[in-house]
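The exercises below ask the reader to work through the empty space, the buried side chains and the packing of a single protein chain. Each task sentence is followed by a solution that goes step by step.

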Amino acid sequence: MPLALLPWPASVTPLDQPAVRPDAEPVFSPVDDCGPEGYRLRVDAAGIRIEASTPAGRFYALRTLAQLADATGAVPAVDISDEPRFAHRGLMLDVARHFHPVETVEAVIERASSLKLNALHLHLTDDHGWRLQLRSYPELTEHGSGSAVDGDPGGFYTRDDYARIVAHAAAHHMIVIPEFDLPGHTHALGLSHPELVADPVISDHLREVTESYGGALPERGVPYTALGVGFSSLRADAEGLEPLLRDVFSELAELTPGPYLHFGGDEALGTAPEDYRRMAALAARLIAETGKTPISWHEAGVADLPAGSIGQYWGFRTPREGHDERARAFVAGGGRLILSPADAIYLDMKYDAQTPLGLVWADGPTSVERSYAWDPDAVIPDVPESAILGVEACLWSETVRTLADIDALMFPRIASAAELGWSRSPARDSFTERIAGLADAWTAAGIGFHRAEGVPWR
Ligand code: TNX
């Protein structure tokens, strides 16, 4: 049986000594050579010793220790030296399609940090809802947060709620990356600011989606509750656009201690290319003026962005339709990439045809095996590893209403993103066995994981 460690550490040496008793307290030593998130952990007859250079490193050592402990709390003798491959190991949660209350987000933070993820990306706005109350424009939530997909109840975070999420994340060594998505995905913004949005663009594709999944076509001024994307757009020529974007991004920057703000930029199918480039460049510039680094989905690589802007790639493991070219534009501009290949780590894809929740557009269902079958280094050709900031799994919430739904789609596949983001040499042969080895701990923590095929569950 391999040790049930996930992600797999940089170096693990089992020691031929008895396990250490459950009540042994770890002894910490600060050192200066473990890096910003690394640690060393030695468990032997002398006890449990941890070395780290930062509180984050010490936190990760304790996460590893928790995974090593058996049901009685005894820990096998082992010598581990560890540090992450990538600085960014993220999880995106969509709170716009369905709203998820603060307690749920806190539970998601605990789950993600147990696998050494360090960033929570909150998709705060979309066609279905504007989910963050702002002092500068309270009407955005007043008119834009009342409903959700399928006409389910909506909701929003107050500034205090958001501060609670940020603090809970920080206590788990995670940053929050908030996203206001534009210029597409802005129907909910138009409910309070009709002068800033164009009429919905009703394409054949939108009609097809509406016919297969149900619901109504989008209508100006009416909350949207169906599953289509790409029909809404901000108006590049609207006079009030720049002042509103300046204010909302400044307020978001004030509320967010982390270094990044995300402005979306995906699937703006209802926006003329020239207008798209203008609005993407505007949003990125306004974010840079707050002192934060802009992140956007890879489409925005066509725009003129501030140097160092980060691109988030959501194309497939083998890029199609020039998605990799958009991504490379960020690297050419001195920025880096976050990899979220949709056919591997979009957690909202079904596991197989029988999965009750989830979608299938990313090349059909995503098995556990497929979620793990890729290498961050190999996705975008002609990009050096130094240009990859990290890996991020995305959980869109069209079909996701509760923490139980989140658990069922997130676990076990989040383990793939966690390992590929952390481990320089993923232990591929033992991956599914290590997942099975964590099942009892997940159950004890109340995590309703999916007993997915391909994992040797006991
Ligand atoms: C694509 S890929 C989206 C979202 C949807 C998701 C559903 C990308 C950046 N955007 O708008 O919610 O698919 O899987």
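A cavity is here a set of grid points where a 1.4 Å probe fits but cannot get out, and a residue counts as lining when one of its atoms lies within 4 Å of such a point. The model is predicted.

**Exercise 1. Describe the cavities, giving their volumes and the residues that line them.**

Step 1. The count comes to two cavities of 30 Å³ or more.

Step 2. The largest cavity holds about 80 Å³ of space, and its lining is formed by His 187, Gly 190, Leu 191, Pro 194, Val 197, Ala 198, Pro 200, Arg 220, Gly 221, Ser 232 and Ser 233. Sorted by class, this lining has five nonpolar, five polar and one charged residues.

Step 3. The second largest cavity holds about 50 Å³, and the residues around it include Trp 130, Phe 180, Leu 182, Val 248 and Phe 249. Its lining has nine nonpolar, one polar and one charged residues; both β10 (175-182) and α7 (241-255) supply at least two residues, with α7 giving the most, four residues.

**Exercise 2. Place Phe 249, one of the residues lining the second largest cavity, in the packing of the chain.**

Step 1. Phe 249 belongs to the largest nonpolar core, which has 101 residues, and is listed with Leu 122 and Ile 414 as having the most contacts inside that core.

Step 2. When neighbours within four places in sequence are left aside, Phe 249 is in contact with Phe 180, Leu 182, Leu 261, His 262, Phe 263, Ala 283, Ile 287 and Thr 290.

Step 3. Another core, of 21 residues, lies apart from the largest one, and Ala 24, Leu 41, Leu 68 and Val 78 are among its members.

**Exercise 3. Set out the two largest pockets, with their volumes, their centres and the helices that contribute to their linings.**

Step 1. The largest pocket contains about 1100 Å³ of space. It is lined by 34 residues, of which Val 229, Glu 267, Leu 269, Trp 314 and Trp 361 are the closest to its centre.

Step 2. Helices α6 (204-213), α8 (273-289) and α9 (323-332) each supply at least two residues of the lining of the largest pocket, which divides into 17 nonpolar, six polar and eleven charged residues.

Step 3. The second largest pocket has a volume of about 770 Å³. Of its 33 lining residues, Gly 437, Leu 438, Asp 440, Ala 441 and Trp 442 are the closest to the centre.

Step 4. Helix α14 provides the largest share of the lining of the second largest pocket, eight residues, while α1 (55-68) and α2 (102-114) each supply at least two. By class, the lining of the second largest pocket has 20 nonpolar, six polar and seven charged residues.

**Exercise 4. Decide whether Ser 371 is buried or exposed, and trace the contacts of its side chain.**

Step 1. Ser 371 sits in helix α11 (residues 368-372). Its relative accessibility is 0%, and therefore Ser 371 counts as buried.

Step 2. The side chain of Ser 371 reaches the backbone oxygen of Val 368 at 2.7 Å, and it also makes a polar contact with the side chain of Ser 416 at 2.6 Å.

Step 3. Beyond the neighbours within four places in sequence, Ser 371 is in contact with Ala 344, Ile 345, Thr 366, Arg 413, Ser 416 and Leu 420.

How values were computed:
Residues are numbered from 1 along each chain as its sequence is written. This is a predicted model: local features need pLDDT of at least 70, side-chain atom pairs count only at pLDDT 80 or more; totals for chains, interfaces and linings use all residues. Side-chain values use heavy atoms; hydrogens and water are left out. On a 1 Å grid over the protein atoms alone, a cavity is a set of points where a 1.4 Å probe fits but cannot get out, and a pocket is an open set with protein on both sides within 12 Å along at least five of seven lines; lining residues have an atom within 4 Å of a point. Grid points are joined across faces, edges and corners, and a volume is the space filled by probe spheres set on the points. Ala, Val, Leu, Ile, Met, Phe, Trp, Tyr, Cys and Pro count as nonpolar, Asp, Glu, Lys and Arg as charged, and the others, Gly among them, as polar. Buried means under 20% relative accessible area, exposed over 50%, partly exposed in between (1.4 Å probe, protein chains only). A polar contact is a pair of N or O atoms within 3.5 Å; within protein, one must be able to donate a hydrogen and the other to accept it, and residues adjacent in sequence count only if both atoms are side-chain atoms. Contact means heavy atoms within 4.5 Å. A nonpolar core is a set of buried Ala, Val, Leu, Ile, Met, Phe, Trp, Tyr and Cys residues joined through side-chain atoms within 4.5 Å.
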